Amino acid sequence: MMMRPLAILYAAMLYGFIFLPVAVLVLFSFQGTLFPIPPFNGPSLRWYAAVLGDARLTSGLVNSILVAVVTSAIATFLGFLAAWGLARFHLPASALMRGLITLPLTVSYLIIGMGLLIFFNWIGIPKSLVAAGIGHVVINLPLCFAIIYSQMGEHQANIERAARDLGASEAKVLLLVTAPMMWPALFASFFLSMTFSWDEFVISFLLTRFDTTLPVEIWNLLRAGLNPKTNAVGALVFGVSIVLAIIFEFVALRRRAA
């Protein structure tokens, strides 16, 4: 009985340590005065209006959404094809290929970004949203592959074989049988990839120049000193991340229930 209050206290301290900074950020995003310091003076949407009226921030917001959606779709598609190929066909050195695909999960984003920057300079690709998008695919593809590959079971292979026996081509089996059966894993991969791409900073910072993503624009604001708009932008980024995480958890729960 003595352990229960201690466990509750420990859990409260743990979650407080994790979420208190975020709560303070969100709270002072509604501060009405210039400086985000106590006492709280609000609530006010002044800084949200300032963010939406800032051309650079809104451009960074649109760029972040565009990069996140496109790169997540590409990473999910490529991860699905790789997982299907390695799960359904006996390929030489398949274990080595799986290890190479998931290897970027163990490498620092800084190292990946620097490597991509050097490689792009060598082949003549300039810094741009396209270069940053390629970087996002590189870091998200292994995650998508791991999620989808883990969900490819033998019961699905039996259904695919039945479809082939009934005359379906390999393309129809992949599109009309495998993909619908794997949709929870595909959606989970897509939304989790979007979550990581949405607030990724290091690779976007290294591979963009003029057209930048929202995290890079937030960094530019912070370099100029204390700016109350950063609280509003941070709250927006956190809100989008929470929405994507909730969607991911919902899809995962639906998958477990099924």
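**Entry 1: Glu170 and Arg164**

I began with Glu170, which is partly exposed at a relative accessible area of 34%. The model is a predicted one, and I read every value below as computed from it. The side chain of Glu170 meets that of Arg164 in a salt bridge, with 2.8 Å from N to O. I then looked up Arg164 and found this residue partly exposed as well, its relative accessible area being 28%.

**Entry 2: the other salt bridges**

I searched the whole structure for salt bridges and obtained 3. One of them joins the side chains of Arg56 and Glu217, at 3.0 Å from N to O. Arg56 belongs to helix α3 and Glu217 to helix α11 (residues 214-223), so this pair ties together parts that are 161 residues apart in sequence. I checked the exposure of both partners: Arg56 is partly exposed at 48% relative accessibility, whereas Glu217 is buried with a relative accessible area of 5%.

I next recorded the salt bridge between Arg88 and Glu160, whose closest N and O atoms are 2.8 Å apart. Here Arg88 sits in helix α3 and Glu160 in helix α7 (residues 154-165); the pair links distant parts of the chain, 72 residues apart. For Arg88 I noted a relative accessible area of 18%; because buried means under 20%, Arg88 is classed as buried. Glu160 is buried too, at 1% relative accessibility.

**Entry 3: helix α3, a patch and a polar residue**

I turned to the surface and found a nonpolar patch of about 640 Å². Its members are Ile65, Leu66, Val69, Val70, Ile74, Phe77, Leu78 and Leu81. I looked up Leu78 in particular: this residue lies in helix α3, which spans residues 55-88. Leu78 is partly exposed, with a relative accessible area of 35%. Patch members must have over 30% relative accessible area, so the value for Leu78 meets that cut-off.

In helix α3 I also located Asn63. Is Asn63 buried or exposed? Asn63 is buried, its relative accessible area being 10%. With neighbours within four places in sequence left aside, I listed the contacts of Asn63 as Leu129, Asp211, Thr212 and Thr213.

**Entry 4: nonpolar cores**

I examined the largest nonpolar core, which has 22 residues. Phe80, Ile148, Met152 and Met182 are the residues that touch the most other members. Two or more residues each come from α3, α6 (129-150), α8 (170-181), α9 (183-198) and α12 (229-257). Which element gives the most to this core? I found that α9 does, with 7 residues.

I followed Ile148 further. Not counting residues up to four places away in sequence, Ile148 touches Thr76, Gly79, Phe80, Ala83, Met182, Ala185, Leu186 and Ser189. I also noted a second, separate core of 12 residues, with Trp47, Trp198, Leu214 and Ala232 among its members.

**Entry 5: Ser241**

I located Ser241 in helix α12. At 13% relative accessibility, Ser241 counts as buried. The C-alpha atoms of Ser241 and Thr195 are 5.7 Å apart in space, while the two residues are 46 residues apart in sequence. Apart from residues up to four places away in sequence, Ser241 touches Thr195, Trp198 and Asp199.

**Entry 6: aromatic pairs**

I described each ring pair by the distance of the centres and the angle of the planes. The count comes to 9 aromatic pairs. Phe201 and Phe205 form a stacked pair, at 5.3 Å centre to centre with 25° between the planes. Both rings belong to partly exposed residues, Phe201 having a relative accessible area of 27% and Phe205 one of 37%.

Phe201 also pairs with Trp219, and I recorded this pair as tilted, with 5.8 Å centre to centre and 55° between the planes. Phe201 lies in the loop between α9 and α10 (202-207) and Trp219 in helix α11, so the pair ties together parts that are 18 residues apart in sequence. Trp219 is partly exposed, with a relative accessible area of 36%.

Last, I noted a cluster in which ring pairs link Trp183, Phe187, Phe190 and Phe191.

Definitions and conventions. Residues numbered from 1 in each chain as written. Predicted model: local features only at pLDDT ≥ 70, side-chain atom pairs only at ≥ 80, totals over all residues. Heavy atoms only, no water. Patch = residues over 30% accessible without salt bridge, like charges linked within 9 Å, V, L, I, M, F, W, Y side chains within 5 Å. Areas by Shrake-Rupley, 256 points an atom, 1.4 Å probe, with all protein chains shown as cover. Salt bridge = Lys/Arg side-chain N within 4 Å of Asp/Glu carboxyl O. Helix = DSSP H or I, 4+ residues; strand = E, 2+ residues; numbered from the N terminus. Buried < 20%, exposed > 50% of the residue type's maximum accessible area, 1.4 Å probe, protein only. Contact = heavy atoms within 4.5 Å. Core = buried A, V, L, I, M, F, W, Y, C linked by side-chain atoms within 4.5 Å. Phe/Tyr/Trp six-rings, centres within 6.5 Å; stacked < 30°, edge-to-face > 60°.
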